[in-house]
Amino acid sequence: MATHAAFMPGAKVEAPTFWGAVASWLTTVDHKRIGILYGSSAFIFFLIAGTEALIMRLQLARPDNTLVSAQTFNELFTMHGTTMVFLAIMPMSAAFFNYMIPLMIGARDVAFPRLNALSYWIFISGGLFLHVSFLAKAVPDGGWFGYANLTSHQFSPTHSIDFWMFGLQILGISSMLAGFNFLVTIINMRAPGMTLMRMPVFIWMSFVTQFLIVLAFPAITVALILLMFDRFFGTLFYSPAAGGDPLLWQHLFWIFGHPEVYILILPAMGIVSEVLPTFARKPLFGAPVIIYSGITIGFFGFGVWSHHMFSVGMGPVADAAFSITTMLIAVPTGVKILNWLCTLWGGSIRFQTPLYFSLPCSRWAASPASCTPRPRSTCSRPTPISWWPTSTTCSSGARSSASSRAPTTGGRRSPGSCWTSDSASCTSG
């Protein structure tokens, strides 16, 4: 009765107080509000990671700079990479998933609204736990990839790696809960008549992304659990002196880490596939082919992880196999680019901000009136196209490293050095 009374003629509706509005946001299970919370939190963490990157670049601005110490640089490098991957880009995608998926499939909300809210607050808990390390003066410093043996007690005796380890485990739980929630939502809650092939391309790319999340995160969860046992219970899974293998960490991490690349990029590809036909004023060219190429990317994404490990001495057979898969995975990406260009071909293109973000081209952005809107012009998507030579470069790295065998015993970085990783730089394949 009270609900109906509020809409009766002459009824007074009290404006919510400030604390009431705050409480409504903190306890919300509405998918739109949770999407806004994800996006706002991701932007804050993005600013934090950007500040860390700025300090690192200032340190590297000139030789022999003393803005920060080598130890502080290692901490900034670790926290910047971890924050960008797990606390900025992934939750930004989750913001789009939460806000757009129910609207685009005709559902009132996600399948499990309370679980959706729980996954957000677990995400916030993981991010705060990771950054409490600054207050505890135990900032993670082993690189965002956490290679063994740098994470062992011998080389990291403080609690810095513990903060990183437990923070990632908490964030993994959040991602897994959200992934299962969106999978159930897309499978079971589509509007009547919306078959799978009638779903928007963004929903398809989100669908593939959720499969990648629920299949890839268990690998890094296992790696982190083994690391936890090594640090707290004296096991030696990653110790070569006791029969363990430091490369076990690299395999488990990159089995997660390379699908993670496509967890980050596939939602953006879905957005581009929605924006381009809108501003070309014509249907998306080859939409089913774009969908199948996204599925192919998700499938191949689990078969290229060791191109991050060409320098560890896997042998010519393994190096050749992962070189081939690294080159093959560029094919479905090229298919997407071709279909995007064909979508623009002959379209009545409107040069507006969303198009500039989806089709970065300095010529169009700087002087749209002087650039013919035909895709036969020199304008194109430079970033995805650059993946072709990048994939070839990454795959050919096996040849140069076949004759060299990197030591697998690990080691502490020298006081004057800062951590980088040759294998970590090969992430675009």
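Accessible areas here come from the Shrake-Rupley method with a 1.4 Å probe, and for residues only the protein chains shown count as cover. On that basis the protein exposes about 20,300 Å², with carbon and sulfur atoms supplying 70% of it. What you have open is a predicted model, in which local features need pLDDT of at least 70 and side-chain atom pairs count only at pLDDT 80 or more, while totals for chains, interfaces and linings use all residues. Residues are numbered from 1 along each chain as its sequence is written, and side-chain values use heavy atoms, leaving out hydrogens and water.

**The whole chain**

Start with a cartoon view. You should find 15 helices and zero strands. (Helices are DSSP runs of H or I with at least four residues, strands are runs of E with at least two, and both are numbered from the N terminus.) Of the 429 residues, 48% are buried. Buried means under 20% relative accessible area, exposed means over 50%, and partly exposed is in between, using a 1.4 Å probe and protein chains only. Now for contacts, meaning heavy atoms within 4.5 Å: among those between residues at least 6 apart in sequence, 79% join residues at least 24 apart.

**Stop 1: H5 and H6**

Select residues 113-135 for H5 and 160-188 for H6. Their axes come within 8 Å and cross at roughly 165°. Axes are lines fitted to C-alpha atoms, for helices over the stretch in contact, and the angles run from 0 to 180 degrees between N-to-C directions. Angles under 35 degrees count as roughly parallel, over 145 as roughly antiparallel, 65 to 115 as roughly perpendicular, and the rest as oblique. H5 and H6 are therefore roughly antiparallel.

Their crossing is left-handed, a label used if the near helix is turned anticlockwise from the far one by less than a right angle (clockwise would be right-handed). The residues in this contact split into 16 nonpolar, nine polar and one charged. Ala, Val, Leu, Ile, Met, Phe, Trp, Tyr, Cys and Pro count as nonpolar, Asp, Glu, Lys and Arg as charged, and the others, Gly among them, as polar.

While you're on H5, click Ser 119. It is buried, at 0% relative accessible area. Leaving out residues up to four places away in sequence, Ser 119 touches Tyr 38, Ser 174, Leu 177 and Ala 178.

**Stop 2: the loop between H5 and H6**

Pick Lys 137 in this loop. Its phi is near 55°, a positive value in a residue other than glycine, and at 78% relative accessible area Lys 137 is exposed. Asn 149 sits in the loop too, and a cis peptide bond joins Ala 148 to Asn 149, with omega at about 10°. For background, most residues other than glycine have a negative phi, and most peptide bonds are trans.

**Stop 3: Gln 210**

Move to H7, residues 201-233, and select Gln 210. Buried or exposed? Gln 210 is buried, with a relative accessible area of 1%. Its contacts beyond four places in sequence are Phe 97, Ala 178, Gly 179, Phe 182 and Leu 183.

**Stop 4: H4 against H8**

Show H4, residues 70-105, together with H8. The two axes come within 11 Å and cross at roughly 45°, so the helices are oblique to each other. H4 passes H8 in a left-handed crossing. From H4, the contact residues include Phe 86, Ile 89 and Phe 97, and from H8 they include Phe 256, Ile 263 and Glu 274. By class, that contact has twelve nonpolar, one polar and two charged residues.

**Stop 5: H8 and H11**

Keep H8 (246-280) and add H11 (330-344). These axes come within 9 Å and cross at roughly 15°, so H8 and H11 are roughly parallel. Among the residues making the contact are Met 269 and Leu 276 of H8, and Trp 340 and Leu 344 of H11. Seven are nonpolar, three polar and one charged.

Next, find Arg 281 in the loop between H8 and H9. Arg 281 has a positive phi of about 60° although it is not a glycine, and it is exposed at 52%.

**Last stop: Phe 302**

Finish in the loop between H9 (287-300) and H10 (316-328), where you'll find Phe 302. At 25% relative accessibility, Phe 302 counts as partly exposed. Not counting residues up to four places away in sequence, Phe 302 touches Leu 212, Leu 215, Ala 216, Ile 255 and Pro 259. Try a distance from its C-alpha to that of Gly 257, 45 residues apart along the chain: the separation is 9.5 Å.
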